[in-house]
Amino acid sequence: MTDEKDDRVTLDKTTDDTVAGGTAEKDGSTAAETSAADTSVPDATSDPKASYLPHIAIGLSFVAVVFVVLVGWLAYGTVQQSAAETARTEARVAAEEQAVAMLAYTHDQVDAQTDAAAEGLTGDFRDEYTNLMKNIIAPGAKEKAISVQVSVQASSVVSADADNAVTLLFLNQITTSSENPEAVSSGSRVRVELEKQDGRWLVSRLTPI
């Protein structure tokens, strides 16, 4: 009787151990699977650093655009400055040459000199100059053998752009005539306004000041 009871106890214990072992094995397998899942490679889309990449790309693109615009603006400014400097130089040279051509003459060639000087003037001012020289200055020059030499002592540019310029000239005039054979020197200052037409700087106004 006692032996039979002991056999049941032993069988129950064995069953419990088997069940416990199976449970433990199952729990161990589950734990291993969970551990394996935890150590798997994370999804790149869930990386916080990856989420910044589009913003960085946009930022770099914006910087590149700003850089290109800045370089273009600086290049445009350089070209404009160079054009302005060229205009100033060309306008001043033209003003000096035209002032001498307009104001200097000899009594025996005054008509031809007037026509030559008129070629460097704009339309309206050309008519004014031609009428003054041929109707007033030339007759007196021929009658009294008046000749005038003109030289530019100094010049400056008041303002200038691609098509218009204003210059200031300091002139020296030496005049001779039949009444005063000895040369008479005098100084003057004139304001010369110019316009650029067909690639040439023409005088549009000359005003004594």
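Helices and strands are here DSSP runs, numbered from the N terminus, where a helix has at least four residues and a strand at least two. With that in mind, helix 2, helix 4 (123-144) and strand 4 each contribute at least two residues to the lining of the largest pocket. The structure is a predicted model, and one of its features is an open sheet of four strands, which are paired in the antiparallel sense.

**The largest pocket**

- The volume of the largest pocket comes to about 270 Å³, and 13 residues line this pocket.
- Among the lining residues, Met-102, Leu-103, Tyr-129, Leu-132 and Met-133 are the ones that lie nearest the centre of the pocket.
- Helix 4 makes the greatest contribution to the lining, supplying six residues.

**The sheet**

- The four strands follow one another in the order 1-2-3-4, with antiparallel pairing, and the sheet they form is open.
- Strand 1 (147-160) and strand 4 (200-208) are the edge strands, and each has a single partner strand, so one side of each is left without a neighbour in the sheet.
- From one strand to the next, the twist averages 30 degrees.
- Strand 1 pairs with strand 2 (residues 164-176) over twelve bridges, in the antiparallel sense, and within this pairing Ser-156 has Leu-168 of strand 2 as its bridge partner.
- Strand 3 (residues 184-197) pairs with strand 4 over eight bridges, again in the antiparallel sense, and here Arg-191 stands opposite Thr-207 in strand 4.
- The hairpin of strand 3 and strand 4 has two residues between the strands, and in this hairpin Asp-198 adopts a positive phi near 55 degrees.

**Helix 3 and its two sides**

- In helix 3 (residues 110-118), the buried residues are Val-110, Thr-114, Ala-117 and Ala-118.
- These four buried residues lie on the same side of helix 3, because the arc they cover around the axis is only 100 degrees.
- Ala-112 and Ala-116, by contrast, are exposed on the other side of helix 3.
- As a general point, an α-helix has 3.6 residues a turn, so residues three or four places apart point the same way.

**Gln-98 in helix 2**

- Gln-98 belongs to helix 2 (residues 53-103), and with a relative accessible area of 14% this residue counts as buried, because buried means under 20%.
- Not counting residues up to four places away in sequence, Gln-98 touches Ala-117, Gly-120, Leu-121 and Val-203, and of these Ala-117 is one of the buried residues of helix 3.

**Two loop residues**

- Thr-106 is located in the loop between helix 2 and helix 3, where this residue is partly exposed, with a relative accessible area of 27%.
- When neighbours within four places in sequence are left aside, Thr-106 is in contact with Gln-113, Ile-146 and Ser-147.
- Although Thr-106 and Gln-149 are 43 residues apart along the chain, their C-alpha atoms are separated by 8.2 Å.
- Ser-178 is located in the loop between strand 2 and strand 3, and at 47% relative accessibility this residue is likewise counted as partly exposed.
- When neighbours within four places in sequence are left aside, Ser-178 is in contact with Lys-144 and Ala-145.
- The C-alpha atoms of Ser-178 and Lys-144 are separated by 5.5 Å, while the two residues are 34 residues apart along the chain.

Note on methods
Residues numbered from 1 in each chain as written. Predicted model: local features only at pLDDT ≥ 70, side-chain atom pairs only at ≥ 80, totals over all residues. Heavy atoms only, no water. Buried < 20%, exposed > 50% of the residue type's maximum accessible area, 1.4 Å probe, protein only. Arc of directions from axis to C-beta. Contact = heavy atoms within 4.5 Å. Pairing = 2+ DSSP bridges. Axes fitted to C-alpha atoms, helices over the stretch in contact; angles between N-to-C directions. 1 Å grid on protein atoms, 1.4 Å probe; cavity = no way out; pocket = protein on both sides within 12 Å on 5 of 7 lines; lining within 4 Å. Points joined across faces, edges and corners; volume = space filled by probe spheres on them.
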